[in-house]
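Subject: A structure for you to explore

Hi there,

Here is the structure I promised to pass on to you. Have a look at it first, and then read on for what was found in it.

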Amino acid sequence: MASYSSTTPSALILIADGTEEIEFVTPYDVLTRAGFNVHSVGINTAVSVYARCSRNVRIVLDSPSLRLVREFRDEGKWVASICAGTTALVASVATHPDGAGGGKEGSGGGGGSGGQKESARKVRVTSHPSVRADVVAAGWEYADEAERVVVSGKVITSRGPGTALAFSLAIVEALAGRAKREEVMGPMICAETL
């Protein structure tokens, strides 16, 4: 069991019923190898204590609510979602307690205007193509299909099972730098291009 200090990097991974196992387990494993404190948040789960994955594997949740997503974003922490998990990020803004519904992140960088909480802001994302229409209909900027992993502000999103390792390593790089990414990649015998 790892011990974590207040300076240990943290990551939040969103998971829903039907998530592909590789999309959750790969990032969780890679981030743990890199020494991160990883949290899982369930959204759209039939049972509040676990998510039932696509092959019937059950993943126990750290938190069954979107509250943690909003807290992480407001505290300037990273939030990452893969595949249809991006819909949980969208839902966290749609159900924001401020009732703002969120605004798009300004292209000029920074925290935006008007004192709006970070957790109410829409950012540039990607997802599995099957939920793209829902994400776009909610007013989020959707990345070009060629982009397998998207980093926008402190939100990292990815497209699906085939992007799980690239997604995981992007998280490591964002939180701990390129050197840590390369340190983790070495023993995993990763291909140069994922």
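What percentage of the contacts in the protein chain with a separation of 6 or more comes from residues 24 or more positions apart? The answer is 61%. Please keep in mind while you read that this is a predicted model.

**The overall picture**

The protein chain has six helices and nine strands. Of its 194 residues, 45% are buried. Its accessible surface comes to about 9,300 Å², and carbon and sulfur atoms account for 51% of that.

**The sheet**

A good place to begin is the open sheet, which is made of five strands in the order E2-E1-E5-E9-E8, with mixed pairing. At its edges are strand E2 (37-42) and strand E8 (149-152), each of which pairs on one side only. On average, neighbouring strands of this sheet are turned by 20 degrees against each other, ignoring direction.

Let's walk through some of the pairings:

- E1 and E2 run parallel and are joined by six bridges. Here Leu14 stands opposite Val41 in E2.
- Strand E5 (residues 78-82) pairs with strand E9 (residues 155-158) in the parallel sense, over four bridges. Ala80 has Ile156 in E9 as its bridge partner.
- E8 and E9 run antiparallel, and four bridges join them. Val149 has Ser158 in E9 as its bridge partner.

E8 and E9 also form a hairpin, with two residues between them. In the turn you will find Gly153, which has a positive phi of about 60 degrees.

A helix belongs in this picture too. Helix H5 (residues 164-176) packs on the sheet and touches strand E1 (10-15), E5, E8 and E9. The direction of H5 makes about 175 degrees with that of E5.

**Two strands to compare**

Why is E1 described as largely enclosed by the rest of the structure? Six of the six residues of E1 are buried, so that description follows. Both faces of E1 are covered. On one side the buried residues are Ser10, Leu12 and Leu14, and on the other they are Ala11, Ile13 and Ile15.

Now turn to E8. Which residues make up its covered face, and which its uncovered one? Val150 and Ser152 form the covered face of E8, whereas Val149 and Val151 form the uncovered one.

**Some rings to look at**

How many aromatic pairs does a search of the whole structure find? The search finds one. The partners are Phe24 and Tyr28, whose ring centres are 5.4 Å apart. Their planes stand at 40 degrees, and a pair counts as tilted when the angle is neither under 30 degrees nor over 60, so this pair is tilted.

Both residues sit in helix H1 (residues 21-33). Phe24 and Tyr28 are four residues apart there, so about one helical turn separates them.

Are these two residues buried or exposed, or something in between? The cut-off for buried is under 20% relative accessible area. Phe24 has 5% relative accessibility, so Phe24 counts as buried. Tyr28 has 30%, so Tyr28 counts as partly exposed.

One more ring deserves a look, that of Phe72. Lys77 lies over the face of Phe72, at 4.9 Å from the ring centre.

Enjoy exploring!

Best wishes

Conventions
Residues numbered from 1 in each chain as written. Predicted model: local features only at pLDDT ≥ 70, side-chain atom pairs only at ≥ 80, totals over all residues. Heavy atoms only, no water. Pairing = 2+ DSSP bridges. Axes fitted to C-alpha atoms, helices over the stretch in contact; angles between N-to-C directions. Contact = heavy atoms within 4.5 Å. Buried < 20%, exposed > 50% of the residue type's maximum accessible area, 1.4 Å probe, protein only. Areas by Shrake-Rupley, 256 points an atom, 1.4 Å probe, with all protein chains shown as cover. Phe/Tyr/Trp six-rings, centres within 6.5 Å; stacked < 30°, edge-to-face > 60°. Lys NZ or Arg CZ within 6 Å of the ring centre and 35° of its normal.
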